[in-house]
Amino acid sequence: MLDHRVTLRPTMLSDLDFVVGVEQDAGNRPFITPWERTQHEGAIRFPDARHFIVELDAERAGFVILQGCRNPNRSVELKRIVLGPKGQGVGRVCVRLLKKMAFTQLGAHRFWLDVKGRNTRAQALYRSEGYVEEGRLRECVRAEPLPDAQGVMGEGFDDLIVMSLLKREFEARVAQGLEPS
């Protein structure tokens, strides 16, 4: 079962070449805004953030970043999830591990994220995991240009969709058996 093969461990400075590399991968770049190495170093050191390496069978498979871990409003953000392997269920297991961590360890009331409009695969995953769309920031981030209806390449922008899960919604999913124990 994949659930037992995926683990999270704190990112070490020695992992940063891997982190920057997976972030620069062509399969990930359209869906994220890559950070500089120094931004990742800051997230590792900043007490309000948690930076984890995702491991599949004890091998590095990606990374995740949480922010707002000490937020007085108990609103924790899933800032980034970047994975190498796709279509194997690793993302779903990570999202479940992070939800459980946010609500049971970090005391979150609200666990939220934003996802690019073009990232329909991630949106479907988040919806299936109980996240609710709160709103859309229209064309607020630069993106690779796409052709318009006439095939003309224009300047590229993408939406950000804000989604969240509240503690009571998570607890209801646990009571319904929708969250692994």
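Strands, like helices, are DSSP runs numbered from the N terminus, and a strand here has at least two residues. By that count, E139 lies in strand 6, and we will come back to E139 once the sheet is in view. Keep in mind as you read that this is a predicted model.

Let's begin with the sheet. Seven strands make up an open sheet with mixed pairing, and their order across it is 1-2-3-4-5-7-6. Strand 1 (6-10) and strand 6 (132-142) stand at the edges; each has a single partner strand, so one side of each is left without a neighbour in the sheet. On average, neighbouring strands of this sheet are turned by 30 degrees against each other, direction ignored. As a reminder, strands of a sheet pair through backbone hydrogen bonds, in either a parallel or an antiparallel way.

Start at the strand 1 edge and walk inwards. Strand 1 pairs with strand 2 in the antiparallel sense over five bridges, and V6 stands opposite L56 in strand 2. Strand 2 in turn is joined to strand 3 by eight bridges, and these two strands run antiparallel. One bridge to look for links A49 to Q67 in strand 3. Strand 2 and strand 3 form a hairpin with two residues between them, and D57 in the turn has a positive phi of about 55 degrees. Strand 2 is mostly covered, with seven of its eight residues buried.

After strand 3 comes a loop that leads to strand 4, and R74 lies in that loop. R74 is not a glycine, yet R74 has a positive phi of about 55 degrees. R74 has a relative accessible area of 44%, so it counts as partly exposed. Beyond the loop, strand 4 (residues 75-83) pairs with strand 5 (residues 110-116) in the parallel sense over three bridges. On this stretch, the bridge partner of E77 is W112 in strand 5.

Now back to E139, in strand 6. E139 also has a positive phi, about 40 degrees, although it is not a glycine. Its relative accessibility is 55%, so E139 counts as exposed.

Next, the helices. Helix 3 lies across strand 1, strand 2 (49-56), strand 3 (59-67), strand 4, strand 5 and strand 7 (157-166), and runs at about 55 degrees to strand 1. Helix 4 (residues 120-128) lies across strand 4, strand 5, strand 6 and strand 7, running at about 160 degrees to strand 5.

Helix 3 also meets another helix. Two packed helices are described by the angle between their axes and the distance between the axes. For helix 3 (residues 90-105) and helix 5 (residues 167-175), the axes come within 11 Å and cross at roughly 115 degrees. The crossing of helix 3 and helix 5 is left-handed. At the contact, K99, K100 and F103 in helix 3 meet K167, F170 and R173 in helix 5. Sorted by type, the residues of this contact are two nonpolar, no polar and four charged.

F103 leads us on to the aromatic rings. The whole structure holds four aromatic pairs. One of them joins F103 and F111 edge-to-face, 6.3 Å centre to centre with 80 degrees between the planes. Both F103 and F111 are buried. Y126 and Y131 form another edge-to-face pair, 5.7 Å centre to centre with 65 degrees between the planes. Y126 and Y131 are buried as well. Ring pairs link F103, F111, Y126, Y131 and F170 into a cluster.

Two further residues are worth finding on your screen. E23 sits in helix 1 (residues 16-24). E23 has a relative accessible area of 0%, so it counts as buried. Leaving aside its neighbours within four places in sequence, E23 is in contact with N28, R29, I32, P34, W35, H40, F63, R80 and V82.

At the other end of the scale of cover is S181, in the segment after helix 5. S181 is exposed, with a relative accessible area of 91%. S181 and K100 are 81 residues apart in sequence and 9.1 Å apart in space, C-alpha to C-alpha. That brings us back to the contact of helix 3 with helix 5, where K100 is one of the helix 3 residues.

Terms used: Residues numbered from 1 in each chain as written. Predicted model: local features only at pLDDT ≥ 70, side-chain atom pairs only at ≥ 80, totals over all residues. Heavy atoms only, no water. Axes fitted to C-alpha atoms, helices over the stretch in contact; angles between N-to-C directions. Helix = DSSP H or I, 4+ residues; strand = E, 2+ residues; numbered from the N terminus. Left-handed = near helix turned anticlockwise from the far one by under 90°. Contact = heavy atoms within 4.5 Å. Nonpolar A, V, L, I, M, F, W, Y, C, P; charged D, E, K, R; others polar. Pairing = 2+ DSSP bridges. Phe/Tyr/Trp six-rings, centres within 6.5 Å; stacked < 30°, edge-to-face > 60°. Buried < 20%, exposed > 50% of the residue type's maximum accessible area, 1.4 Å probe, protein only.
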